[in-house]
Amino acid sequence: MPSNKPTVLVTGASGFIGYHVVRHLSATNHVTALDLGTPTAPHPEGVDEIICDLRDGALPASRFDAIVHLAALGGVRPSIERPLDYLETNLGGTLRLLEHARQHGTPRFLFASSSSVYGPTDGNPSSEDDALAPCSPYALTKQQGEQWGRLYTRLHGIDFIALRLFAVWGEGQRPDLALESFRRKILAGETITIHGDGSQRRDLTHVSDVARAVEAAIRWSGTGFEVFNIGTGTNHSVNDMLRAAEQWTGLKAKVAYGPEHPADVPATLADVRKAKDLLDWEPRKGFPK
């Protein structure tokens, strides 16, 4: 018997964020999970799985009620050494998926953007209306992805919602992200290199809150192009993260402080009032102190 559940395509479904989003959405939606390879942990029963390279693979010839586009090359620092890869994957993949939505009549497109589009700030919370100043190829691909979304809203009437995610953390996070990198190096007895003095601050958003934000954006009654910050409105220093990793492992870290990285920003901090007002969403899980 056909399901009456909304149909949702999630790209990057086997990644850190994608895995949690698929699990959350599958309770109330018929989810198709798309990624380059099979997930390291199984998706819930009833989730359809497609292995596909967004750059040139065969996309499903189907209309969906919504597309949640999470697939991307991640990381600010590695993008500096591989700008063409980031352009081809992040921007090319986004455009190809927008074309799929246009051709098959998918009405809603959710795009995982990033707080990195803001660039350096004055320390005050970043609002969705602030000027953007990306400092890396990665951040630039996210800004340009938003611009393509705005264009497809104008030309083709697709509802495009960009969620600017602030430093996502939680179970299963990528090994290159600070918290997991710290934890692994402490356990291995390796030295952790921190660029700068560790006072840089990040708004740390739990992946479960991101999954809830995605669901709220799918169900949002608004139309057209829109951008939402998804963060907590509180930030923590890199040294705070280091101390948390020490507490989790019960071990003392070996630390070396080095020069600041040119692509790093002093602080990220989200103004989340818009998401609270329009999506009826707010963060539930804070970073442990």
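A residue counts as exposed when its relative accessible area is over 50%, and as buried when that area is under 20%. Asp280 has a relative accessible area of 70%, so Asp280 is exposed. The model described here is predicted. Seven of its strands form an open sheet with parallel pairing. Helices H3 and H6 pack on this sheet.

**The sheet**

- The strand order is E3-E2-E1-E4-E5-E6-E11.
- E3 and strand E11 (225-230) stand at the edges. Each has a single partner strand, so one side of each is left without a neighbour in the sheet.
- Neighbouring strands are turned by 20° against each other on average, direction ignored.
- Helix H3 (residues 83-104) touches E1, E4, E5 and strand E6 (159-165). The direction of H3 makes about 175° with that of E4.
- Helix H6 (residues 207-219) touches E1, E4, E5, E6 and E11. The direction of H6 makes about 145° with that of E5.

**Strand E4 and its partners**

- In a regular strand the side chains alternate between the two faces of the sheet.
- Strand E4 covers residues 66-69. Ala66 and Val68 point one way, while Ile67 and His69 point the other way. All four residues are buried.
- Strand E1 (residues 7-11) runs parallel to E4, and four bridges join the two. Leu9 has Ile67 of E4 as its bridge partner.
- Strand E5 (residues 108-114) also pairs with E4 in the parallel sense, over four bridges. Ile67 stands opposite Phe109 of E5. Val68 stands opposite Leu110 of E5.

**Helix H1 against helix H6**

- Two packed helices are described by the angle between their axes and the distance between the axes.
- For helix H1 (residues 16-25) and H6, the angle is about 55° and the axes are 9 Å apart. That angle makes H1 oblique to H6.
- The crossing of H1 and H6 is right-handed.
- H1 makes the contact with Phe16, Ile17, His20, Val21, His24 and Leu25. H6 brings Val207, Val210, Ala211, Arg212, Val214, Glu215 and Ile218.
- Which kinds of residue make up the contact of H1 with H6? They divide into nine nonpolar, two polar and two charged.

**Helix H5**

- Helix H5 spans residues 178-188. Its buried residues are Leu179, Glu180, Ser181, Phe182 and Ile186.
- An α-helix has 3.6 residues a turn, so residues three or four places apart point the same way.
- The buried residues of H5 pack against strand E7 (168-169), strand E8 (191-195) and helix H7 (238-249).
- Gly189 comes just after H5 and takes a positive phi of about 75°.

**Three loop and segment residues**

- His43 lies in the loop between strand E2 (30-35) and strand E3 (48-51). Is His43 buried or exposed? His43 counts as buried, because its relative accessibility is 10%.
- Leaving aside residues up to four places away in sequence, His43 touches Ala13, Ser14, Tyr19, Val22, Ala33 and Glu49.
- Ala167 sits in the loop between E6 and E7. Its phi is near 30°, a positive value in a residue other than glycine. Ala167 counts as partly exposed, at 29% relative accessibility.
- Asp280 is in the segment after helix H8 (273-279). Asp280 is not a glycine, yet it has a positive phi of about 55°.

Notes
Residues are numbered from 1 along each chain as its sequence is written. This is a predicted model: local features need pLDDT of at least 70, side-chain atom pairs count only at pLDDT 80 or more; totals for chains, interfaces and linings use all residues. Side-chain values use heavy atoms; hydrogens and water are left out. Buried means under 20% relative accessible area, exposed over 50%, partly exposed in between (1.4 Å probe, protein chains only). Contact means heavy atoms within 4.5 Å. Two strands pair if DSSP finds at least two bridges between them. Axes are lines fitted to C-alpha atoms, for helices over the stretch in contact, and angles run from 0 to 180 degrees between N-to-C directions. Angles under 35 degrees count as roughly parallel, over 145 as roughly antiparallel, 65 to 115 as roughly perpendicular and the rest as oblique. A crossing is left-handed if the near helix is turned anticlockwise from the far one by less than a right angle, and right-handed if clockwise. Ala, Val, Leu, Ile, Met, Phe, Trp, Tyr, Cys and Pro count as nonpolar, Asp, Glu, Lys and Arg as charged, and the others, Gly among them, as polar.
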